[in-house]
Each structure stands twice: as structure tokens, then as C-alpha cells.
Amino acid sequence: MKILITGTAGFIGFHLTKKLLERGDEVIGLDNINDYYDVNLKYARLNELGIKKENIENNKFTLSESFSKHKFIKADLENQNIINQIFQEEKFDAVCNLAAQAGVRYSIENPEVYIQSNVVGFLNILEACRNFDVKNLAYASSSSVYGLNSSQPFKTSDHTDHPVSLYAATKKSNELMAHTYAHLYGIHTTGLRFFTVYGPWGRPDMAPMLFADAITNNREIKVFNHGNMSRDFTYVEDIVDGVIKVIDNPAQASEKFDANKPNPSLSSASYRVYNIGNNAPVQLLDFIECLENSIGKKAKKNFMDIQPGDVVSTYADTEELMNDFHYKPNTQLSEGIDKFIEWYKIFYKINKYKL
């Protein structure tokens with residue numbers, strides 16, 4: 001299968017690209033390598049895929065030196081001309097759109113960036129799928145769409161009309177746009193609402209990396225809502241396994257859809273939305289303790305109020321993904337944290353003397 005993965009220099013995109021290449025798929029990677037966080041980490045991920053920084057040029061393909069079926073292009077989703085050119089030349093069997101401007105708090109400070117990348121960029125992907133006959137589209141949504149919902153665990157049958165950040169609103173808009181294109185043009189669209197993902201090569205703006213960096217460098221960690229928070233932490237390899245199942249099985253119209261009582265996750269069109277998470281929320285303080293045990297050092301905790309745009313708890317009901325694809329994460333938190341810290345110490349050259 002020939003697959004376009006956008007956001008391939010990102011955390012999940014990198015792991016997904018590597019896994020697909022290792023099983024023999026042809027993968028075209030796209031990323032704009034923006035500076036929302038350290039670009040050196042993004043280039044390091046690409047280097048693991050055989051894409052050398054010195055060979056990368058804007059809007060031009062770079063061939064992998066490690067995988068014969070992989071090439072990469074540095075480009076913006078908002079650039080409709082280059083997106084159309086790529087689709088016209090490459091003729092994809094499937095697309096997995098993971099590229100987006102991420103971050104709940106950053107969306108409060110820089111809202112325009114989110115509209116351009118997450119809405120305009122996603123529209124360009126949908127239009128390219130329509131115009132160049134790509135019927136199989138998977139894309140990243142987010143657990144953030146649940147917003148003010150307090151019923152736990154979050155179910156895809158819940159309505160998601162009360163977002164608390166612009167980031168969440170853009171992800172909700174992606175789901176609505178995807179349904180429209182599924183209905184009008186027969187594109188098979190599957191949205192994945194990711195719950196907190198962690199593991200090697202993770203994003204430095206996320207709690208696992210922020211905490212690991214602070215603990216190893218003897219700084220305070222910020223514990224929001226005074227520790228009264230929980231997250232459905234999911235190991236990245238488990239996430240990737242779920243994404244691949246979705247790519248391999250395009251969404252189909254549901255016989256269970258009732259237009260008189262519509263389930264938001266189903267449709268008479270070829271459209272589905274799934275939660276993808278661990279189905280086992282972890283208290284924030286327990287997560288910190290697990291990090292401390294793996295690092296071998298206690299954290300200095302600064303207990304703070306909750307931040308605007310944050311939610312107290314995320315907890316994924318993944319029953320539909322399990323029923324449809326036999327998906328079940330199997331990485332225990334302590335095992336996943338140990339793998340993450342092992343990578344972290346090597347990548348950032350942390351030795352026992354520094355600790």
C-alpha cells in the first residue's frame with residue numbers, strides 16, 4: 001500500500017511511519033517542521049527514518065537513506081498547490097493526516113495558527129482526496145473535543161458541542177468536515193480521538209518530557225489543579241497499532257445509524273470516529289511517582305491551580321475500537337515509562353552522575 005502520512009516528523013507520525021515501512025508499505029512523509037517545539041528533535045526523528053537534515057529542501061522530495069520505499073517532503077498543508085501536486089504525482093492508496101498545530105494552551109495565545117493549519121490545511125487534504133480519487137482517509141482528532149463533558153468514561157456516542165479551547169474546536173471541525181466529504185463524495189473517513197500519548201521520542205511540551213527534564217535537572221515540576229487530575233496515558237506503540245488497524249480497514253456506512261436518533265460517531269455515510277486510548281486513567285501524582293521510580297530521583301513539586309483550557313480528567317471508552325478491530329493496548333504504565341526514560345537518558349545524554 002502507498003500511504004501519505006502528514007506530520008511524519010512529529011511524535012506519533014514518526015512511530016507510525018517507521019512501523020509501516022518495517023512491514024513493507026511505501027510511505028510518503030510530509031511535515032513543515034515548524035518551531036512550535038525544538039526542531040532538532042524533529043530532525044532527529046527524521047534521521048532515524050533515513051532522512052538527513054542537510055538533504056531537506058522546501059517543497060522538494062528527499063529520499064531516505066535507510067528505507068527504499070520512503071521519501072519525505074517539507075511542506076505546509078496550507079499550500080494548496082503543493083498538496084495537489086503531491087497527490088497528482090503520487091496516487092496514494094490511503095492518507096493518514098496527523099499534521100496539525102498541537103497544544104491546548106498555545107491555542108489561547110496564537111489562535112490564527114490553528115485555523116490555518118488545522119482547518120485550512122485539513123480542507124486541502126480533503127479536497128485533494130476528492131480531486132485525486134483517494135477514498136481512504138484516517139486523521140487525528142483529540143480527546144480535547146469532549147470539553148465540558150463530565151460523564152466518564154468519554155464515549156464517542158457523547159455529544160461534543162462544548163469545547164474549552166480553540167484547539168479542541170478545530171479538531172471538532174475536522175470531524176464535521178470529514179463527515180461532509182464522506183457523505184458528498186464517498187471518501188471513507190475515520191477520525192481518531194487520541195488520549196494522552198507518551199513514549200520514546202515524545203513531545204517536549206507534554207507532561208512526561210516536561211517532568212523528566214525538570215526532575216533530572218533538579219527543577220520544580222508544575223503540578224496543576226494541585227494534583228487532582230487524571231489522564232488516560234497510552235504508550236505510543238499501542239497507539240500506532242490502533243492507527244494501522246484503521247488505515248487497513250476504511251470506514252463503512254453503519255447499518256446501526258438511526259437518522260431519528262443520530263449517534264455522533266456513526267453515519268449512513270462512510271464515516272467513523274473512535275476513541276484511542278488505554279481505557280485506564282492514571283492519577284497525575286501516581287504518574288509522577290512512576291517517573292520518579294524510573295529515573296531514581298524524587299521530584300520537587302509546585303502545586304498550582306488548573307490552567308485555562310485544561311480538563312480535570314480524560315478517560316477513554318474504547319469499546320468500539322476493540323469490537324471492530326480487536327484493539328487492546330497491552331503496555332503497562334511502568335513498562336512504558338521505563339522505555340521512555342531509557343530513551344530519554346540516551347537522547348539527552350543523562351548519566352548517573354548528573355542525577
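Two strands are said to pair if DSSP finds at least two bridges between them, and the close-up views below apply this idea to a predicted model.

**View 1. Strands β1 and β2 lie side by side as a parallel pair.** Strand β1, which covers residues 2-6, and strand β2, which covers residues 26-31, are joined by five bridges and run in the parallel sense. One residue to look for here is I3, whose bridge partner in β2 is V27. Strands of a sheet pair through backbone hydrogen bonds, and the pairing can be either parallel or antiparallel.

**View 2. The pair β2-β1 belongs to an open sheet of eight strands.** Read across the sheet, the strands follow the order β3-β4-β2-β1-β5-β6-β7-β12, and their pairing is mixed. The edges are formed by β3 (61-63) and β12 (271-276), each of which pairs on one side only. From one strand to the next, the twist averages 20 degrees.

**View 3. A cavity is enclosed in the model, lined in part by β8 and α7.** The count comes to one cavity of 30 Å³ or more, and the largest cavity holds about 40 Å³ of space. Its lining consists of F11, V197, Y198, G199, G202, R203, M206, P208, M209 and F340. Strand β8 (197-198) and helix α7 (207-216) each supply at least two of the lining residues.

**View 4. What is the character of the residues that line the largest cavity, nonpolar, polar or charged?** Seven of the lining residues are nonpolar, two are polar and one is charged. In this grouping Gly counts as polar and Arg as charged, and the lining includes G199, G202 and R203.

Notes:
Residues numbered from 1 in each chain as written. Predicted model: local features only at pLDDT ≥ 70, side-chain atom pairs only at ≥ 80, totals over all residues. Heavy atoms only, no water. Helix = DSSP H or I, 4+ residues; strand = E, 2+ residues; numbered from the N terminus. Axes fitted to C-alpha atoms, helices over the stretch in contact; angles between N-to-C directions. 1 Å grid on protein atoms, 1.4 Å probe; cavity = no way out; pocket = protein on both sides within 12 Å on 5 of 7 lines; lining within 4 Å. Points joined across faces, edges and corners; volume = space filled by probe spheres on them.
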